[in-house]
There are 2 protein chains.
Amino acid sequence: MVDALGIVSALGVAGFRLTGPRRALADLIATRSGHFTAEDLLAESRRRRLRITRATVFRSLDVLANLGVVERLELPSGVHAFVACEPLHHHHVVCSSCGRSTGVADEGLERLAQSIGQSTGYRVDSHRLELFGRCPECQERERA
Amino acid sequence: MVDALGIVSALGVAGFRLTGPRRALADLIATRSGHFTAEDLLAESRRRRLRITRATVFRSLDVLANLGVVERLELPSGVHAFVACEPLHHHHVVCSSCGRSTGVADEGLERLAQSIGQSTGYRVDSHRLELFGRCPECQERERA
DNA sequence: CGCTTATTGCGACTGAGTCTCGATTGCCCT
DNA sequence: AGGGCAATCGAGACTCAGTCGCAATAAGCG
């Protein structure tokens, strides 16, 4: 869970203006427990009678993704989604049942990427890892 | 590099009909050295005056992706692309300069995924890893 | 050689994401 | 406190990848 203030201040520190729409979106993002799509935010903002347009949602998510405050990911279905995250983690485990997601400390992936670089001759400079499965709660619920 | 015959026979083995369009697409895919988009195939097929429609390209890529003959991937730019691959490898290193890609033998990623499962409590049942960098040739060329 | 049914072409459609441009509004400076 | 400028926003048209439904075609089987 990430709080709205953290998101807003990340924007501030990076030199972006703290506008109404951005604060509102930070709020919406902070209350999401799992991953969410741009449409989700848009729908929720309409529900709350906030006046935020599609373009603004996309533009803001773009900025936040660049800051590393949210991470862009593609679900197995092909749908694009986002998760709020601490800037340190760079990967996530996503629950394919409830959508909740958890940050993953980099347990040796960096090293793995390097060793793959070695064996293929590529100079690997970025990678993307997405894991999908069932979160503990959903496993429990399914047993019942 | 994968040959057209391999692709066609994979279709045959799986019980799909060996139609004209599918053979033609297998050909187009086999001549690609790097990754390619659906539009790439479509454009090339028009260039060669093959009569293949957009829908057919997408439908075929779908089938081939399910068979594991091609892998669907998302480039850092957000563009969807495909690479032909041996059914054994499940990941690729993609050259961000020339687009060529190389299959990666699973060097401990399976184990890594498991250990991440352990530490987060998730039952991880699928994952996706994409690596981006410069291939040996492009590194060479850039030095010059 | 015909039958059956998977597959194709066609063309309309959908929906995510982008773009342009005039109107706002943070924010800095004094 | 208030003025000015650039960043940002809203509105709405637009693009373009990918999908869909249906009638026509053609694999593959007997």
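User: Which helix gives the most to the surface near DNA strand D, and how many residues does it supply?

Analyst: In this predicted model, helix 4 of chain A gives the most to that surface, with 4 residues. Helix 2 (20–31) and helix 4 (54–67) of chain A, together with helix 3 (38–47) and helix 4 (54–67) of chain B, each supply at least two residues of the surface near DNA strand D.

User: What makes a residue count as near DNA strand D, and which residues are the closest?

Analyst: A residue is counted because its C-beta atom, placed from the backbone, lies within 6 Å of the strand. For DNA strand D, 22 residues surround the strand, and the closest are Pro21(A), Thr56(A), Leu18(B), Ala55(B) and His80(B). By class, the residues of this surface divide into 8 nonpolar, 7 polar and 7 charged.

User: Which residues are the closest to DNA strand C, and which helix gives the largest share of the surface near it?

Analyst: DNA strand C is surrounded by 22 residues, with Leu18(A), Ala55(A), His80(A), Phe16(B) and Thr56(B) as the closest. Helix 4 of chain B gives the largest share of the surface near DNA strand C, 4 residues, while helix 3 and helix 4 of chain A and helix 2 (20–31) and helix 4 of chain B each supply at least two residues. The class division for DNA strand C reads 8 nonpolar, 7 polar and 7 charged.

User: Why are helix 2 and helix 3 of chain A called roughly perpendicular?

Analyst: Helix 2 of chain A and helix 3 (residues 38–47) of chain A pack at an angle of about 110°, and their axes are 10 Å apart. Angles of 65 to 115 degrees count as roughly perpendicular, and these two helices are therefore described in that way. Where they meet, Ala24(A), Leu25(A) and Leu28(A) in helix 2 of chain A face Leu41(A), Glu44(A) and Ser45(A) in helix 3 of chain A. This contact has 4 nonpolar, 1 polar and 1 charged residues.

User: How do you know what kind of axis relates chain A to chain B?

Analyst: In general, two copies of a chain are related by a rotation about an axis and a shift along it. Here chain A can be laid on chain B with an RMSD of 0.1 Å, by a turn of 180° and a shift of 0.0 Å along the axis, which is the relation of a two-fold axis. Within chain A, the C-alpha nearest the axis belongs to Leu129(A), 2.3 Å from it. The same surface serves both copies, for 100% of the contact residues of chain A recur in chain B.

User: What makes two residues count as a contact between the chains, and how many residues of each chain are involved?

Analyst: Two residues are in contact if their C-beta atoms, placed from the backbone, lie within 7 Å, and 32 residues of chain A are in contact with 32 residues of chain B. The largest share of the side of chain A that touches chain B, 12 residues, comes from strand 5 of chain A. That side divides into 15 nonpolar, 10 polar and 7 charged residues.

User: How do you know that strand 5 of chain A pairs with strand 5 of chain B?

Analyst: Two strands pair if there are at least two bridges between them, and here 11 bridges join strand 5 of chain A to strand 5 (residues 123–134) of chain B, the two running antiparallel. As one example, Leu131(A) has His127(B) as its bridge partner.

User: What makes strand 4 of chain A an edge strand, and in what order do the strands of its sheet lie?

Analyst: The sheet is open, with 6 strands in the order 4(A)-3(A)-5(A)-5(B)-3(B)-4(B), and its pairing is mixed. Strand 4 of chain A and strand 4 (101–104) of chain B are the edge strands, as each pairs on one side only. From one strand to the next the twist averages 20°. Inside chain A, 4 bridges join strand 3 to strand 5, which run parallel, and Val94(A) has Phe132(A) as its bridge partner.

User: How do you know that strand 1 and strand 2 of chain A pair, and in which direction do they run?

Analyst: At least two bridges are needed for a pair, and 5 bridges join strand 1 (residues 70–74) of chain A to strand 2 (residues 80–84) of chain A, which run antiparallel. Glu74(A) stands opposite His80(A). This hairpin has 5 residues between its strands, and Gly78(A) takes a positive phi near 100° there.

Key. Residues are numbered from 1 along each chain as its sequence is written. Chains are lettered from A and ligands numbered from 1 in the order in which they are written. This is a predicted model: local features need pLDDT of at least 70, side-chain atom pairs count only at pLDDT 80 or more; totals for chains, interfaces and linings use all residues. Ala, Val, Leu, Ile, Met, Phe, Trp, Tyr, Cys and Pro count as nonpolar, Asp, Glu, Lys and Arg as charged, and the others, Gly among them, as polar. Axes are lines fitted to C-alpha atoms, for helices over the stretch in contact, and angles run from 0 to 180 degrees between N-to-C directions. Angles under 35 degrees count as roughly parallel, over 145 as roughly antiparallel, 65 to 115 as roughly perpendicular and the rest as oblique. Copies are superposed by least squares on the C-alpha atoms of residues with pLDDT of at least 70 in both.
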